[in-house]
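Work through these exercises with the model open beside you. Try each task before you read its solution.

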Amino acid sequence: MNSYHDKTKHSYYSVRENANYLDWSTQPSTYKIYPDSFKRTKLESEVPEHSFIYRIGGISAKKSYPGSEYFLRTNPSAGALFPNELYFQVRGVDAFADGIYHFDVLHGSVALLHALDDDGVEVNLGLKQRINGYIFLLSAVYFRSSWKYRDRAFRYCLLDGGHLLGQIEASSFLKDFACRHHYDFDKEALNAMFGFQEKEFFIASSIVGIPSPKPLPKALDIALPYVEATGSFAANEVIVSAYHDSLKIVSKKACTRPAKLTFRKDVFEECMMTRRSIRQMHKEGIKKEAFTFIMDVVHQAVMSDVDEEVDIYVIVNRVIDMPLGIYKNGQFIQYGDFARKAGYLCLEQYHLGENAAFTVFLAGHSDNYQAMYMKAGIVGERLYLASHYLQIGCSGIGAYYDDEVVDFLGLDEETMILYGICVGN
Ligand SMILES: Cc1cc2nc3c(=O)[nH]c(=O)nc-3n(C[C@H](O)[C@H](O)[C@H](O)COP(=O)(O)O)c2cc1C
């Protein structure tokens with residue numbers, strides 16, 4: 001068992017003993033903005049390549065309260081704290097000059113950080129070929145999340161990161177491209193080149209492009225300035241250690257099978273731009289065909305260089321014509337009405353866990369903690385999008401009673417519960 005994971009479990013007693021008071025005076029900003037000296041390109045909705053980027057994590061809703069307003073994005077995020085930043089290299093795409101860019105979510109634009117000059121990030125990632133198209137780099141600005149969730153926030157940085165990788169997959173599907181996530185690279189070297197100063201760190205990359213017959217470019221060797229991304233900051237040693245301790249990849253196995261997605265593209269595009277988390281479910285049943293469709297999407301392969309096993313446990317509460325009970329990776333394993341228990345396990349969020357048509361828990365054992373956790377986030381994003389496509393609600397559940405879920409599912413105590421997700425109306 002990963003010691004960080006062990007240390008950051010919730011239990012019935014821990015959430016009562018460690019009441020979490022928020023210091024609103026240090027609430028971090030959720031936006032990183034590079035100075036005006038970096039050339040910007042506004043993303044225009046009529047330019048397909050711009051929409052491709054915007055759909056991944058752009059602003060899709062505004063919430064207003066007396067005296068304040070805030071924005072929600074195409075990707076969900078624990079507590080709407082949005083700890084991740086998205087960078088990308090683009091090569092040979094008409095809409096952008098070849099370069100390394102940062103996606104400025106607040107302004108719906110991209111900032112050019114470095115113009116390519118027969119160099120590129122391919123060598124830094126250990127790739128053997130030059131890539132025409134996009135190479136995304138995903139980071140976490142952990143204080144945005146640790147401000148609220150303290151030590152447990154590293155889990156949310158990885159889950160939210162996985163959701164963004166799922167968005168890259170979904171946006172790529174709309175332009176008939178597969179994407180391949182990539183975790184085994186020298187992240188610390190790139191952190192230094194991007195001037196992150198231990199406040200932000202790279203967690204993953206994703207390739208959406210095709211190999212070029214031209215020779216490999218030179219390795220990227222840049223020195224970007226540090227750019228403030230939170231407004232306030234408090235270091236969290238538990239998270240910094242967890243990040244560094246989980247960098248080394250231990251015996252990897254790649255997955256090279258692409259996911260087969262069958263969404264209607266016009267409906268799916270709309271679905272990406274309108275997705276929201278449901279806040280309250282009302283015990284409505286869903287049809288078996290809907291359940292089967294959603295689970296078929298979720299069980300598709302996830303292409304990456306470090307593919308980790310993530311077991312999908314489903315507690316069926318109310319799916320018409322399906323036996324109630326627990327299913328593991330699609331196989332029925334135990335009969336019973338566990339709806340109330342599912343609500344309890346979701347840290348007593350009964351309005352979601354109990355009222356859902358089905359409640360999912362994702363579990364794993366891997367030593368490649370970052371890759372395994374992000375895969376759980378990708379599965380979570382597929383659940384969100386496939387459900388919303390059928391007009392069924394979904395909510396991620398980052399807060400659950402870790403050990404009690406393990407006991408309930410009858411797992412060995414080494415098993416890590418990575419994520420909960422509720423689906424229903
Ligand atoms: C990793 C993760 C964990 C979450 N955990 C919870 C949760 O425990 N309870 C809850 O009500 N919502 C949870 N959410 C939903 C977020 O609150 C929601 O995504 C965020 O407020 C943004 O709203 P939106 O998804 O409608 O855009 C979670 C979302 C994610 C991605």
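**Exercise 1. In which helix is E188 found? Then decide how covered E188 is.**

Solution. The model is predicted, so treat each value as computed from it.
Step 1. Find the helix: E188 sits in α6, residues 187-193.
Step 2. Count neighbours. E188 has 14 other C-beta atoms within 10 Å.
Step 3. Apply the cut-offs: 20 or more means buried, and 12 or fewer means exposed. E188 has 14, so E188 is partly exposed.
Step 4. Check a distant partner. E49 is 139 residues from E188 along the chain, and their C-alpha atoms are separated by 30 Å.

**Exercise 2. Place K39 and classify its exposure.**

Solution. Step 1. K39 lies in a loop, between α2 (14-17) and β1 (40-42).
Step 2. There are 14 other C-beta atoms within 10 Å of K39, so K39 is partly exposed.
Step 3. Now compare sequence with space. K39 and L409 are 370 residues apart in sequence, and their C-alpha atoms are 53 Å apart.

**Exercise 3. Describe helix α5, from its span to its cover.**

Solution. Step 1. Take the bounds: α5 runs over residues 153-174, which is 22 residues.
Step 2. Check the span. From first C-alpha to last, α5 reaches 32 Å, close to the 32 Å expected at 1.5 Å a residue.
Step 3. Judge the cover: 21 of the 22 residues of α5 are buried.
Step 4. Look past the end. D176 follows α5 and has a positive phi, near 60°.

**Exercise 4. At what angle do α3 and α5 pack, and which residues meet?**

Solution. Two numbers describe a packed pair of helices: the angle between the axes and the distance between them.
Step 1. For α3 (residues 48-57) and α5, the angle is about 145° and the axes are 8 Å apart.
Step 2. Assign the hand: α3 passes α5 in a right-handed crossing.
Step 3. List the contacts. From α3 come F52, R55, I56 and G57; they meet L164, Q167, I168 and S171 of α5.

**Exercise 5. Repeat the analysis for α9 and α12.**

Solution. Step 1. α9 (residues 288-298) packs on α12 at about 145°, with 9 Å between the axes.
Step 2. The crossing of α9 past α12 is right-handed.
Step 3. On the α9 side are F293, I294, V297 and V298. They meet V379, R382, L383, A386 and S387 in α12.

**Exercise 6. How many residues of each domain are in contact with the other domain?**

Solution. Step 1. Set the bounds: domain 1 is 20-245 and domain 2 is 277-424, according to the domain assignment.
Step 2. Take the separation. Their C-alpha centres lie 27 Å apart.
Step 3. Count the contacts: 22 residues of domain 1 touch 21 residues of domain 2.
Step 4. Name the contributors. On the domain 1 side, α5, β9 (180-182) and β10 (201-212) each give two or more residues. α5 gives the most, with twelve residues.

**Exercise 7. Why does the largest nonpolar core lie between the domains?**

Solution. Step 1. Size the core: it has 123 residues, and F358, L383 and V423 have the most contacts inside it.
Step 2. Find the main source. Helix α12 (residues 369-389) supplies the largest share, 13 residues.
Step 3. Conclude. Domain 1 and domain 2 both give residues to this core, so it lies between them.
Step 4. Zoom in on F358. Beyond four places in sequence, its contacts include F291, V314, I315, V316 and V423.

Note on methods. Residues numbered from 1 in each chain as written. Predicted model: local features only at pLDDT ≥ 70, side-chain atom pairs only at ≥ 80, totals over all residues. Helix = DSSP H or I, 4+ residues; strand = E, 2+ residues; numbered from the N terminus. Expected span 1.5 Å × (residues − 1). Core = buried A, V, L, I, M, F, W, Y, C linked by C-beta atoms within 7 Å. Domains from an automatic or database assignment. Contact = placed C-beta atoms within 7 Å. Axes fitted to C-alpha atoms, helices over the stretch in contact; angles between N-to-C directions. Left-handed = near helix turned anticlockwise from the far one by under 90°.
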